[in-house]
Amino acid sequence: EYCNFAELMVSVDRDEGTATVTFARPKSLNALCESMMTELNRAFKMLDADDSVRAIVLTGDNVSFAAGADIKEMAKQTYPEALRVNFLAHWTDAFKISKPVIAAVRGHALGGGCEVAMMCDIIYASTDARFAQPEVRLGTIPGAGGTQRLVRAVGKSRAMELCLTGDVLTANEACSLGLVSKVFQPDEVLGAAQKLARKIASQSAPVVKLIKEAVNASQEMSLEAGLAYERRLFHSTFSLDDQKEGMAAFIEKRPAKFTNQ
Ligand code: CO8
């Protein structure tokens, strides 16, 4: 069922509870086009509904994570058409899933590529990863979070500078600014992201889901409302078998065996 993609590769490791989704348009440096983003939506929805998958890695190849929206496809876009179809809105639906998504970024993460990385829950980058919002140079503006998520990730001054110039952030700069969680050697970043996915997959699935919801809520809510929301989610964990098991295992000095209930 996961073989049926033309511009993506999806591999699932059911024993470990992880999946890896790989952009596969190397000739255009994984430029994001309508057909590939439709496939990404379909793949993520399938993985979200698959109980044997509990964490997902999204990656590209060693040259490019994604070099932005496909400029050749986008060049023909008109305002009435963009408005009619709400251009790009459904591309980002993929990321409304409840399971954690880790971006493993090698090479270019430009424009929509940087925005897609920022839609992921955690970004791991290789030393040769490069992040930028070059839309200004194309006579347009970031269209999928560059002016919003980048501000939250690196602060207003740096985000403004990056969006107004299209200048490139190196992996180490992106890491020191907090955009990227960790930096690895190019041949290690995918393995590190998959290891992280395995670690997350070994936790209680309902608890992982609640944590993702709570952290994401922090981006949308006031502190007071966010703290109240977090507390209610925290209270709800006391209805889980996994909370009983996790705390009993601690007291009995043994590893917890979560049942995802
Ligand atoms: N779109 C279409 N084709 C592309 C793109 C792209 N974004 N990027 C690279 N390609 C193609 C090139 O046209 C070329 O194809 P061909 O061989 O047929 O001419 C091939 O990939 C290889 O590219 P280069 O020869 O240019 O390779 P270089 O190593 O010389 O340069 C660069 C690599 C620096 C990455 C360069 O290709 C480049 O600047 N690319 C464009 C980067 C860019 O401006 N990205 C932003 C696009 S706008 C955008 O993303 C709007 C936001 C949309 C939101 C999406 C939400 C999910």
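Leaving aside its neighbours within four places in sequence, with which residues is Thr18 in contact?

## Thr18 and the basis of the model

Thr18, which lies in strand E2, is in contact (heavy atoms within 4.5 Å) with Ser11, Val12, Asp13, Ser52, Val53, Ala55, Ala197, Arg198 and Ala201, its neighbours within four places in sequence being left aside. Thr18 counts as buried at 9% relative accessibility, where buried means under 20% relative accessible area, exposed over 50% and partly exposed in between, with a 1.4 Å probe and protein chains only. Strands (E, at least two residues) and helices (H or I, at least four) are DSSP runs numbered from the N terminus.

The model is a predicted one, in which local features need pLDDT of at least 70 and side-chain atom pairs count only at pLDDT 80 or more, while totals for chains, interfaces and linings use all residues. Residues are numbered from 1 along each chain as its sequence is written, and side-chain values use heavy atoms, with hydrogens and water left out.

## The six-strand sheet

An open sheet of six strands follows the order E1-E2-E3-E5-E7-E10 with mixed pairing, two strands being paired if DSSP finds at least two bridges between them. Its edge strands are E1 (8-13) and E10 (182-184), each of which pairs on one side only. From one strand to the next, the twist averages 20 degrees; axes are lines fitted to C-alpha atoms, for helices over the stretch in contact, and angles run from 0 to 180 degrees between N-to-C directions.

Within this sheet, strand E3 (residues 55-59) is mostly covered, with five of its five residues buried. In a regular strand the side chains alternate between the two faces of the sheet. In E3, Ala55, Val57 and Thr59 point one way and Ile56 and Leu58 the other way, and all are buried. Strand E2 (residues 18-23) runs parallel to E3 and is joined to it by five bridges, with Val21 standing opposite Leu58. Between E2 and E3 the chain passes through helix H1 (residues 34-49) in a right-handed β-α-β crossover, a handedness assigned if, with the strands pointing away from the viewer, the path from the first strand over the helix to the second runs clockwise. Strand E5 (residues 101-105) is also parallel to E3, and four bridges join the two; Leu58 has Ala103 of E5 as its bridge partner, while Ile56 stands opposite Val101.

## Helix H1 and the loop after it

Helix H1 lies across E1, E2, E3 and E5 and runs at about 15 degrees to E1. Leu40, placed in this helix, counts as buried at 0% relative accessibility. Apart from neighbours within four places in sequence, Leu40 is in contact with Leu8, Val21, Phe23, Leu58, Ala94 and Phe95. The C-alpha atoms of Leu40 and Ser126, which are 86 residues apart along the chain, are separated by 23 Å.

Asp50 is found in the loop between H1 and E3 and is buried, with a relative accessible area of 12%. Its side chain and that of Arg14 are joined by a polar contact of 3.0 Å, a term for a pair of N or O atoms within 3.5 Å of which, within protein, one must be able to donate a hydrogen and the other to accept it, residues adjacent in sequence counting only if both atoms are side-chain atoms. With neighbours within four places in sequence left aside, Asp50 is in contact with Tyr2, Arg14 and Lys99.

## The four-strand sheet and helix H4

An open sheet of four strands has the order E4-E6-E8-E9, again described as having mixed pairing. Strands E4 (64-66) and E9 (169-170) stand at the edges with a single partner strand each, so one side of each is left without a neighbour in the sheet. E4 and strand E6 (residues 108-110) run parallel and are joined by two bridges, and the bridge partner of Ala66 in E6 is Ala109. H4 packs on this sheet, touching E4, E6 and strand E8 (130-132), and its direction makes about 95 degrees with that of E6.

Helix H4 (residues 112-119) is largely enclosed by the rest of the structure, because eight of its eight residues are buried; among them are Cys114, Glu115 and Met118.

## Cysteines

The structure holds zero disulfides, a disulfide being a pair of cysteine sulfur atoms within 2.5 Å. The sulfur of Cys33 is 17 Å from the closest cysteine sulfur, in Cys120, and is therefore too far for a bond. Cys120 is likewise in no disulfide, the nearest cysteine sulfur, that of Cys114, being 11 Å away. Cys33 counts as buried at 2% relative accessibility, and Cys120 counts as buried at 7%.
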